[in-house]
Amino acid sequence: MRFTSEHRLDDGVLEREFTLGEIPGTLWTPEAAAAPVPLILMAHNNGLPKGAARLVARARHSAACGYAVACIDASGCGDRPRSAADEEARAELRRAMRAGEPVDEIFESFIGPLVENAVPEWRTTLDALLAMPEIGGPVGYSGWTALGIRLAVVEPRIAAAGLFAGGYVPHAQREEARQVTIPLLFLLQWDDEGNPRQRALDLFDAFGSTEKTLHANPGGHTGTPWFEVEDGNRFFGRHLN
């Protein structure tokens, strides 16, 4: 892991950009930490870069609360190159959405491979982060549901997860949800224009966790209230400290 920049922010947070092979990432840590701090992996949805304003605000808030927070642009995400097949699928998705046509089959064609390609890079990043003296376990996950399901199944170091119900979850991940047993906080926007409410409710029901909480708020896809970020930090406080 090679750090390429460092900024001390006015909320007591140290922000560092890094590269790990071809993987670009950002790490936020509390400057005043006296001991190794728990880690939260904060994953954006497939179309957003790691520098998206909403993600950065969440990451800084969690770091100011005493966590190390890391985000990467995994393969095919953010500014990293996408395959010709991915670009073709995204173009077809935009066309179908404009025409009001069904889009599930198109989502299946590129979200599944994105998850498959992203998981090894997130696990490689996790190895490197936990080797740093200022970062300790346990580890939490926050963000993109499809990726979070797969990581929760294959990565035993993840102890709790906060998932956003707004992204498309391929059928394979919906079945995998039954294997997820860690504590979960599941955030649902009741009027999400891109994710049918019943599909999200069925997914919540499918999770195998005995401790799982659903928070539903009115509003569209990007309308998650800020207090849910604060509640998320309290959730991680119960399971990572």
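Phe-236 comes out as buried in this predicted model, with a relative accessibility of just 4%. Its partner is right next door: Phe-235 and Phe-236 form an aromatic pair. The ring centres of Phe-235 and Phe-236 sit 5.2 Å apart, and with 65 degrees between the planes the arrangement is edge-to-face. Phe-235 is tucked away too, since a relative accessibility of 3% counts as buried. Phe-235 also turns up in a nonpolar core of 19 residues, where the other members include Ala-63, Val-69 and Cys-71.

Staying in this part of the chain, Asn-233 belongs to helix H7, which covers residues 227-240. Despite being an asparagine, Asn-233 has a relative accessible area of 7% and so is buried. Looking past the residues within four places in sequence, the contacts of Asn-233 are His-61, Ser-62, Cys-65 and Tyr-67. One of these, Cys-65, is partly exposed, with a relative accessible area of 45%. Cys-71, by contrast, is buried at 0%. The sulfur of Cys-71 is the closest cysteine sulfur to that of Cys-65, yet the two are 18 Å apart, so a bond is out of reach. The disulfide count for the model is zero.

The rest of the aromatic picture is worth a look. Six aromatic pairs were counted. In one of them, Phe-186 and Phe-207 have ring centres 5.6 Å apart and planes at 75 degrees, so this pair is edge-to-face. Phe-186 sits in strand E8 (residues 184-189), while Phe-207 is in the loop between helix H6 (197-206) and strand E9 (212-217), so the pair ties together parts that lie 21 residues apart in sequence. Both Phe-186 and Phe-207 are buried. Elsewhere, Phe-107, Phe-110 and Tyr-168 make up one aromatic cluster. Rings also meet charges: the charged end of Lys-212 sits over the ring of Phe-204, at 5.1 Å from the ring centre.

Phe-207 leads on to the largest nonpolar core, which has 56 residues. Phe-207 is among the members that touch the most others, along with Leu-39, Ile-111, Trp-122, Tyr-141, Trp-144 and Leu-147. Helix H3 (residues 104-130) supplies the largest share of this core, with 12 residues. Leu-147 gives a good idea of the packing: beyond residues up to four places away in sequence, Leu-147 touches Ala-43, Val-115, Ala-118, Val-119, Trp-122 and Tyr-141. Leu-147 is also one of the buried residues of helix H4. That helix, spanning residues 145-154, is mostly covered, with eight of its 10 residues buried. The buried set in H4 runs through Thr-145, Ala-146, Leu-147, Gly-148, Ile-149, Arg-150, Leu-151 and Ala-152, so an arginine is in there as well.

Another buried arginine is found in strand E2 (residues 13-20), namely Arg-16. The relative accessible area of Arg-16 is 9%. The charged end of Arg-16 sits over the ring of Phe-3, 4.7 Å from the ring centre, and the Arg-16 side chain makes a polar contact of 3.3 Å with the side chain of Thr-29. Setting aside neighbours within four places in sequence, the contacts of Arg-16 include Phe-3 and Thr-29, and also Ser-5, Glu-6, Gly-25, Thr-26, Leu-27, Met-132 and Glu-134. On a longer sequence span, Arg-16 and Ala-70 are 54 residues apart along the chain, with their C-alpha atoms separated by 9.6 Å.

Leu-27, one of the contacts of Arg-16, lies in strand E3 (residues 23-30). At 0% relative accessibility, Leu-27 counts as buried. Away from residues up to four places off in sequence, Leu-27 touches Phe-3, Leu-14, Glu-15, Arg-16 and Phe-18, among others. The list for Leu-27 also includes Ala-68, Val-69 and Ala-70, together with Leu-129, Met-132 and Ile-135. Leu-27 and Ala-68 are 41 residues apart in sequence, but their C-alpha atoms are 7.1 Å apart in space. Val-69, touched by Leu-27, is a member of the 19-residue core that also includes Phe-235.

Definitions and conventions: Residues are numbered from 1 along each chain as its sequence is written. This is a predicted model: local features need pLDDT of at least 70, side-chain atom pairs count only at pLDDT 80 or more; totals for chains, interfaces and linings use all residues. Side-chain values use heavy atoms; hydrogens and water are left out. Helices (H or I, at least four residues) and strands (E, at least two) are DSSP runs, numbered from the N terminus. Buried means under 20% relative accessible area, exposed over 50%, partly exposed in between (1.4 Å probe, protein chains only). Contact means heavy atoms within 4.5 Å. A polar contact is a pair of N or O atoms within 3.5 Å; within protein, one must be able to donate a hydrogen and the other to accept it, and residues adjacent in sequence count only if both atoms are side-chain atoms. A nonpolar core is a set of buried Ala, Val, Leu, Ile, Met, Phe, Trp, Tyr and Cys residues joined through side-chain atoms within 4.5 Å. Rings of Phe, Tyr and Trp (its six-membered ring) pair if their centres lie within 6.5 Å; planes under 30 degrees apart count as stacked, over 60 as edge-to-face and the rest as tilted. A charge sits over a ring if NZ of Lys or CZ of Arg is within 6 Å of the ring centre and within 35 degrees of the ring normal. A disulfide is a pair of cysteine sulfur atoms within 2.5 Å.
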